[in-house]
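Student: Could we go through this model together? I'd like to learn where the labels come from.

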Amino acid sequence: MILNTAFRILALSLVAVSAQAQCNIAEVSVDIACTPEALQRDLAAKGCTSITDDAIVRACEDAAFDFGEITDLHYQFDKSYMDGGAIWNDGRADEAAATESRVRKALTTVGSNSIINWPMYEALTEYVGPDQRPYMSNFNFTDGSCDLSTVMCCFIDDKDDREEVLDNSEVCTHDLRDSRRSNHINRGWAEFDNNANTYCTGFTFSPEDVDGTNRVKGNSLLDLSFRNTVENGLVKNIPGAPMCACIEQMPTVSTAHCRTTTVSNEALTYSVTDDKLEVKMIEASVTFDDCPTNDLYQHARSTYDIDLSDHLVGKDGCEDSKDKIHNEKFWVPTQIRNNYAYISEDEWELVAGKGTTWFPVKDEDGNGVDLANYDAVFREKLGDDLPFVVRRYCESCLPSHRDIYYKRLTPLPPTEELNFIDLFLNNWFNTVSNTFHEDFELYSSKEDADNNENAWTYCNFNDGRVGFPRDCGPTSKINNQWNSYTRGIAGGRYNAFDHGFYVAK
């Protein structure tokens, strides 16, 4: 009798365990967020405690809208776009009409009334490790390149050429290795001067999802990237960097504007069949706006205590950023003189050149011509007003002959008497209206030429097929700095192999 009672107790215990393990809930709609915390409470209230947090996360991801479905093209398109390529960034907006329409629809539908997953792609599954997720490399939470819970986009152009991009940031430096999966450069760094207009903007989300910003970060990315392109026309990346990525992969810049996302009225529909959870639909009200201060650094610091000072260095922080990367790379600036001056195309027109400034002599229609014909074109570019200047910039010459300004003081004789372009290119003669200190002067800078100061004092001429300036020098004879287009030039370390002739516009 006692033995039979024991068997009955054991059998009842097994039935209880079995009943507890099997969880079944008919389809139900509830006004909660699709998170492990919220769903576990609702499941427990319905007597179901066998569903794991990981199972809930996966079920919520399955029910959310995949980021790749926004364009509905393929991983390569989305990746190329985030890096600054694809049809929008490459100036082929006419080919993107269908995709643009789809993005606009996503902004007003799933972007505003559901949850969008973080960019994950099935095509990447076989390329990630067993403990990793198939995230796009720009937004990868599993490799340490997105630990600051912050995404930034920096745009430098307008896809419709409607107007200049709003310039809200100075680009300082970029460690190219940080974005090697976008620029395909394993090591190196870049420093930026004379920045083009650059517009940087970003968002930060709560690492612990205390305010819902973590679960709608996919929506935030849609707002930050695609919305700025289709609605504001913003495209193209800072050279060497992605256009949009976690801030650890982006260049160091002075400042960035800030976007914030708010989620409310969350609801979902789910069921459980034999311990298998299925979330069938997620609803939410999602709104986007500028942060209260519209400053990404301040918002991240004040809202989530996230320090972005290594990436957003402030208005006057670029020089410190450059010093920092120099120290990290053990780089000491050299004292070698830079031979490559910037010559503005708005101020100077190249009319002939060789080497690195090679410029073939052509007529107005772009056809190759002989010098007799080109002299007329050359004279027209110079005009009739006196004095005028012809400039030769020679990056391969001695420092004394790197930049020379021929200032014409007297009217030119007819082409039949003096082929003026040939005078410079091949035959530096003084026999016809080219007398030193009378018809012309030579100077080492435009400022000296304008002010008639520090004119050269030595010049010689009349060596056939030896062009400008033969052995002329600031104070004495200087050999082998002349050019020629009809014979080989002098050898040696410094010569006129790389030079160009310019006229003022």
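Student: How many bridges pair strand S14 with S15, and in which sense?

Tutor: Strand S14 (residues 403-408) and S15 pair over four bridges, in the antiparallel sense. Strands here are DSSP runs of E with at least two residues, helices are H or I runs of at least four, and both are numbered from the N terminus. Two strands pair if DSSP finds at least two bridges between them, and S14 and S15 have four bridges. In this pair, Tyr-406 stands opposite Leu-442 in S15. Before we go on: this is a predicted model, where local features need pLDDT of at least 70, side-chain atom pairs count only at pLDDT 80 or more, and totals for chains, interfaces and linings use all residues. Residues are numbered from 1 along each chain as its sequence is written, and side-chain values use heavy atoms, with hydrogens and water left out.

Student: Which sheet has S14 in it, and what makes a strand of that sheet an edge strand?

Tutor: That's an open sheet of five strands in the order S12-S16-S13-S14-S15, with antiparallel pairing. An edge strand pairs on one side only, and here those are S12 (348-354) and S15 (440-443). S12 pairs with S16 over six bridges, with Gly-353 opposite Gly-500. S13 (residues 388-394) is joined to S16 by five bridges, and Arg-391 stands opposite Tyr-502 there.

Student: Why is strand S16 called largely enclosed?

Tutor: Buried means under 20% relative accessible area, exposed means over 50%, and partly exposed is in between (1.4 Å probe, protein chains only). Five of the six residues of S16 (residues 499-504) are buried, so the rest of the structure largely encloses this strand.

Student: And why does Asp-275 count as partly exposed?

Tutor: Asp-275 has 28% relative accessibility, so it counts as partly exposed. You'll find Asp-275 in the loop between strand S10 (257-273) and strand S11 (276-290). Its phi is positive, about 70 degrees, although Asp-275 is not a glycine. Asn-480 has a positive phi too, about 65 degrees, and at 34% relative accessibility Asn-480 is partly exposed.

Student: Let's do helices. Why is H2 called roughly perpendicular to H3?

Tutor: The axes of H2 (residues 36-45) and H3 (residues 53-63) come within 9 Å and cross at roughly 110 degrees. That makes H2 roughly perpendicular to H3. The cut-offs are under 35 degrees for roughly parallel, over 145 for roughly antiparallel, 65 to 115 for roughly perpendicular, and oblique for the rest. Axes are lines fitted to C-alpha atoms, for helices over the stretch in contact, with angles from 0 to 180 degrees between N-to-C directions.

Student: Which residues make the contact between H2 and H3?

Tutor: H2 brings Pro-36, Leu-39, Gln-40 and Leu-43, and H3 brings Asp-53, Ile-56, Val-57 and Cys-60. Contact means heavy atoms within 4.5 Å. By class, this contact has six nonpolar, one polar and one charged residues. Ala, Val, Leu, Ile, Met, Phe, Trp, Tyr, Cys and Pro count as nonpolar, Asp, Glu, Lys and Arg as charged, and the others, Gly among them, as polar.

Student: Where is the cis peptide bond before Pro-387?

Tutor: The cis bond joins Leu-386 and Pro-387, with omega about -10 degrees. Pro-387 lies in the loop between H13 (371-382) and S13.
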